[in-house]
Amino acid sequence: MRRPLATAAAAVVLLLAGCTSGGPMTARQVWPAPSFEDHSNRDGTSTPVADPIYPEYGNPALDVLHYDLGLSWDPQSRALTGRAAIRLRAVLAVPSIRLDFSPAYTLGGATVDDTPAAARLDGGHLVVDRALPAGAVATLVVGYAGTPAPVPMPSHRADIEPLGLTVTNGGELWTMQEPYGASTWYPANDQPSDKALYDIAVTVPEGWAGIASGTPAGVQGRTFRYTTTTPVAAYLTTLAVGRYTKTELTGPRGLPVQLWTRTGVDDSGRLAALRRVPEYLQWLEARFGRYPFPSAGVVVVPSRSAMETQQMVTMGGDVLRDAVAASSVLVHELAHQWFGDAVGPATWQDVWLNEGWASYVEQLYNGKGDPGAMERWERGARSQDASLRARLGPPGHPQADSFAEGNVYVCPALLLHELHKALGDAGFFALGRAWAAANAGTARDRAAFTAFVNRQTGRDFTALIDAWLDSPTTPS
């Protein structure tokens, strides 16, 4: 997710003053970019973990393997009609199937393995009366219809907006849904540790477009289709329906890139900012290895923020008004495709793993070509760090009511800067490439990251990592 506006503003000020990070590298340096290796299970198998920050979401007793979503949107009646076929595995024996789902919908019947099953909505959950023994795999199919209703975001950010599928005044749809909000448009195991494969089909009015996360799989009549081959966490899915114009570009190695701008709303300047996506991807690949997915894209929505939704970044149109800010935010969200999407956090306690990497990579890009930029950025960031820890606590212990605030951006970015200084360019970028490639398609925690860093570098950085994640004050 885009860093909080206060932090963003400070970054822009530093950039305009020539005081952003960049490290000792120069614009011409290129590090080896090995082929990206996806070590995830191709059937969508995950190891779900109960989330300690938002325990009311997610069901660690179930592992969703695949979502097949058939959606239809009627802007006149404001009705979203859906059919979700969900293949899932019982991690533990369960007396019923329970997934997160919005009470805004009316259920239209359910089956489990083609047998009718009683289903009901209960306090933000879909409950299906079908017991499953441990290890059982079943397919739940449920129909539903209703008007989407987003939920409040648990944060004090200046760019705070409701989470989940939102209906505009003109009857269009868009969503950003971190840390939870996927369940505002489909039944979901809405926790970061349960990654699954997706097939999404969206039927829209004549002349409109349906855009979703994943690889474009063609358009049949008024139905737009998307698919995935690498598992996706529910919060990283996206959906936008409206009057859109598509621009197709080519990224590194022939990578297909789709840009979706709002017809009659997004001017040429905003499109020009988006056209630099292939350039950003090439810069990222040179340092962190091959882009992790078979396609890339950006969809513009009426928001003040941005989100690293997998393969299709969701970009607020307001962010694109300023070319400098747009560049920083696009690099940040694209960096997330390696750090946060390919490899995500097991629980929201480790959101710093996402935002620390994306924030630090953003700073490296902003200061490229300026050997002294890193030191100047560090001085400003350390001052921010002290204030953020005092107000929000250390990044390794985020507060439930302060999701994605500055402490999980700036503070872990400084941690990575310390690793960078200790390892040098070659060692640091090798670490980033190896972390993304070796853990693709999985969800990891602090212990896994620390063990990986120590193993990859042959040095023990445990004390340094713990200090930066746990200390109430800025480590010296």
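In this predicted model, β19 and β21 run parallel and are joined by four bridges. Across this pairing, Val298 stands opposite Val313 in β21. Both strands belong to an open sheet of five strands, in the order β17-β18-β19-β21-β20. The pairing in this sheet is mixed. Strands of a sheet pair through backbone hydrogen bonds, either parallel or antiparallel.

The sheet ends at β17 (244-250) on one edge and at β20 (306-307) on the other. Each of these edge strands pairs on one side only.

Strand β19 is largely enclosed by the rest of the structure, because six of its six residues are buried. Its residues point in two directions. Ala296, Val298 and Val300 point one way from β19. Gly297, Val299 and Val301 point the other way. Residues on both sides are buried.

On its other pairing, β19 meets β18. Four bridges join β18 to β19, and the two strands run parallel. Two residue pairs mark this junction. Val257 stands opposite Ala296 in β19. Trp260 has Val299 in β19 as its bridge partner. Strand β18 is also mostly covered, with six of its seven residues buried.

The direction changes between β18 and β17. Strand β18 (residues 256-262) runs antiparallel to β17, and seven bridges join the two. Tyr244 stands opposite Arg262 in β18. Further pairing is seen at Thr247, whose bridge partner in β18 is Leu259. The two strands form a hairpin, with five residues between them. In the turn, Arg253 has a positive phi of about 60°.

Helices pack against this sheet. Helix α3 lies across β17, β18 and β19 (296-301). It runs at about 140° to β18. Helix α4 (residues 323-335) also packs on the sheet, where it touches β19, β20 and β21 (313-316). The direction of α4 makes about 155° with that of β21. Strand β19 is thus touched by α4 and crossed by α3.

Helix α3 has a helical partner as well. Helix α3 (residues 277-288) packs with helix α5 (residues 351-366) at an angle of about 110°. The axes of α3 and α5 are 12 Å apart. This angle makes α3 roughly perpendicular to α5. On the α3 side, the contact involves Glu279, Tyr280, Trp283, Leu284 and Phe288. These meet Trp357, Val361, Leu364 and Tyr365 in α5. The residues of this contact divide into eight nonpolar, no polar and one charged.

A further open sheet has three strands, in the order β3-β7-β6, with antiparallel pairing. Strands β3 (97-100) and β6 (119-121) stand at its edges. Each has a single partner strand, so one side of each is left without a neighbour in the sheet. The twist averages 20° from one strand to the next. Three bridges join β6 to strand β7 (residues 125-128), and these two strands run antiparallel. Arg120 stands opposite Val127 in β7.

Two residues in other strands were also examined. Thr223 lies in strand β14 (residues 223-227). Is Thr223 buried or exposed? It counts as buried, because its relative accessibility is 13%. The side chain of Thr223 makes a polar contact with the side chain of Thr203, at 2.7 Å. Leaving aside neighbours within four places in sequence, Thr223 is in contact with Ala201, Val202, Thr203 and Gly218.

Ser72 is found in strand β1 (residues 62-74). With a relative accessible area of 31%, Ser72 is partly exposed. Not counting residues up to four places away in sequence, Ser72 touches Ala79, Leu80, Thr81 and Thr203. Thr203 is thus in contact with Ser72 and with Thr223. Ser72 and Ala201 are 129 residues apart in sequence. In space, their C-alpha atoms are 8.3 Å apart. Ala201 is also among the contacts of Thr223.

Methods:
Residues are numbered from 1 along each chain as its sequence is written. This is a predicted model: local features need pLDDT of at least 70, side-chain atom pairs count only at pLDDT 80 or more; totals for chains, interfaces and linings use all residues. Side-chain values use heavy atoms; hydrogens and water are left out. Axes are lines fitted to C-alpha atoms, for helices over the stretch in contact, and angles run from 0 to 180 degrees between N-to-C directions. Angles under 35 degrees count as roughly parallel, over 145 as roughly antiparallel, 65 to 115 as roughly perpendicular and the rest as oblique. Contact means heavy atoms within 4.5 Å. Ala, Val, Leu, Ile, Met, Phe, Trp, Tyr, Cys and Pro count as nonpolar, Asp, Glu, Lys and Arg as charged, and the others, Gly among them, as polar. Two strands pair if DSSP finds at least two bridges between them. Buried means under 20% relative accessible area, exposed over 50%, partly exposed in between (1.4 Å probe, protein chains only). A polar contact is a pair of N or O atoms within 3.5 Å; within protein, one must be able to donate a hydrogen and the other to accept it, and residues adjacent in sequence count only if both atoms are side-chain atoms.
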